[in-house]
Amino acid sequence: MTSTSRGVQRTGASAGCLRVVLGDQLDREGAALRDIDIQNDVVLLAEVGSEASGSGAGIRSHQQRSAVFLAAMRHFAASLRGEGARVRYVTLEDRENTHSLTAEVRRACAALRPQRVIMTEAGEWRLRAEFEILAAELGQQGYPLEVREDTHFLVSHDDFATFARTRKSLQMEHFYRQVRRQHGILMQPDGTPEGGQWNLDHDNRRSFKQAPKVPPLPRIPRDDIIEEVCRLVQTHLPNHPGNLESWIWPVTRDQAQNALDDFIEHRLPLFGDFEDAMWGGEPFLYHSLLSVPLNLKLLNPLEVVERAVKAYRTGHAPLNAVEGFVRQIIGWREFIRGVYWHAGPAYRESNHLDAHGRLPDFFWSGEAPMACLREALAPVVAHGYSHHIPRLMVLANFCLIAGIEPRAVGDWFFEMYVDAIDWVTTPNTIGMALYADGGVVGSKPYAASGKYIQRMSNHCGNCAYAVTRRHGDGACPYNTFYWDFLLRHEARFARNSRMALVLRSLEKLGDSERQAIRQTATHYRETFGITPTETAFSA
Ligand code: SF4
């Protein structure tokens, strides 16, 4: 073995299999490692610039996102070495690092001459295509590449394809019920759902009357590995967004299990009631923040769900909290992954509403003029995180109703969130948040005015804009853009029966009010730097 890559152990021995582990596949029980021969196989992990700088497609990456991936990979490699495994670990600073995952596999094959190469399928179309090309090439060189399906997920590609084939439209609710039945999760012996209802969302819409008392997050110590990767990120990616002042993310299996324990014990009981609530200065509330360790594969979705169900069975947490949480994991998370692979690589380019606006600069700085946007952006800049309601109803809702180009929004979510992986981010933004897929994921757009934000938060009382106004000086931009959005798409939405009620409210607007809304919307688009925008505006 002649490689100079740091961490290759036992030089001189020839490899059995080369086991390739990507940065979001840090599962010792995962498909690529489940039958590892510890004595003879070599595990390859590579920190490559193309991925550290975000998706390998020229998109930047929040500093915390890069640091979390690097720290988790280094810890994973250390734990494998602790088992006695041979690990070829290529660091960001290795002089021979090609900064391409496929090139690093090629380089490892040339150095180690393995009998074959084994990996778990990549979690995005771009990498999948790159590895298909590599497989053909390595096959010719006598290194067959075996790509295994990712067994982390409950629903296989074949099972999702069967579900999609038998449905007129893809609806998460049907999918969720099927997964619950198949796995016997929160089910009664007679085959009915626990508590008699599949979905308890109607109990999960409380807001706070006063400042909530929120349990603190578990402390994650900044160990030597975390300090080292933060230094690397600051040195190599200084112009990437976000900062590294705080550290809240688990990067080892033990830390992830502690985070799960802490959530079940301290936050799950109130998670359901206040699932949709927001409060200034309290970005985490009763949310789990487990999407990061789940998407790194440090946690398994079934173990997470089993813990939550146990909390219900033992009387620790009520059904509305547990059902809502379980639905996020085995319903929504599995569903959007299925949609991602089912819809194909062109899905990310969808733009059903013909939106072409620019994303305002304050999405990166956090210095928005609206209180709700400032509150939603602050934890994104600081931690690469916000919970699902600021994501969907403040940030993405703004982009939807202001007419921002979906691809720009998708790239921003990918760039700014620590839990961003393409299979998560693309269907959530293109489908769920922006209705850019024309109804593949959601049957209608998730558009809301300032009234929703007023009902679910305390933001409007601290805002320079008036939530009571739709147009004119000081009007809430969410109100203006919401009504302008409905006016712009009135004809299109008339064909959607689920929009009928909303469109009826437009009938109450006279010509002069319609005109005033359009004028204020144009003014805000120019002020916030959104213009140029939807081509429909000129129609
Ligand atoms: Fe947001 Fe409008 Fe409320 Fe201001 S008034 S916080 S812009 S919803």
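Helix H15 (residues 406-416) and helix H16 (residues 422-433) have axes that come within 9 Å and cross at roughly 140 degrees. The model here is a predicted one, in which local features need pLDDT of at least 70, side-chain atom pairs count only at pLDDT 80 or more, and totals for chains, interfaces and linings use all residues. Residues are numbered from 1 along each chain as its sequence is written, and side-chain values use heavy atoms, with hydrogens and water left out. Helices are DSSP runs of H or I with at least four residues, numbered from the N terminus; axes are lines fitted to C-alpha atoms over the stretch in contact, and angles run from 0 to 180 degrees between N-to-C directions.

H15 and H16 are therefore oblique to each other; under 35 degrees would count as roughly parallel, over 145 as roughly antiparallel, 65 to 115 as roughly perpendicular, and the rest is oblique. Pro-406, Gly-410, Phe-413 and Phe-414 are what H15 brings to the meeting, while H16 offers Asp-422, Thr-425, Thr-429 and Ile-430. Sorted by class, that makes four nonpolar, three polar and one charged residues.

A second helix pair looks like this. Helix H8 (residues 253-271) packs against helix H10 (residues 301-313) at an angle of about 25 degrees, with the axes 11 Å apart, so H8 and H10 are roughly parallel to each other. On the H8 side, Arg-253, Gln-257, Leu-260, Asp-261, Ile-264 and Leu-268 make the contact (heavy atoms within 4.5 Å), and they face Glu-303, Val-304, Arg-307, Ala-308 and Ala-311 of H10. Here the split is six nonpolar, one polar and four charged.

Now for the nonpolar cores, meaning sets of buried Ala, Val, Leu, Ile, Met, Phe, Trp, Tyr and Cys residues joined through side-chain atoms within 4.5 Å. The largest has 154 residues, of which Leu-45, Leu-268, Leu-373 and Phe-398 touch the most other members. Helix H11 (residues 319-343) supplies the largest share, twelve residues. Neighbours within four places in sequence aside, Phe-398 has contacts that include Pro-360, Met-370, Leu-373, Tyr-478 and Phe-528. A separate, second core of 24 residues includes Ala-15, Val-42, Val-48 and Leu-134.

Finally, there is His-459, which sits in the loop between helix H17 (450-456) and helix H18 (477-488). His-459 counts as buried because its relative accessibility is 5%, the cut-off being under 20% relative accessible area, with exposed over 50% and partly exposed in between (1.4 Å probe, protein chains only). With neighbours within four places in sequence left aside, His-459 is in contact with Met-278, Trp-279, Gly-280, Ala-371, Cys-372, Glu-375 and Ile-453.

Definitions and conventions. Helices (H or I, at least four residues) and strands (E, at least two) are DSSP runs, numbered from the N terminus. Ala, Val, Leu, Ile, Met, Phe, Trp, Tyr, Cys and Pro count as nonpolar, Asp, Glu, Lys and Arg as charged, and the others, Gly among them, as polar.
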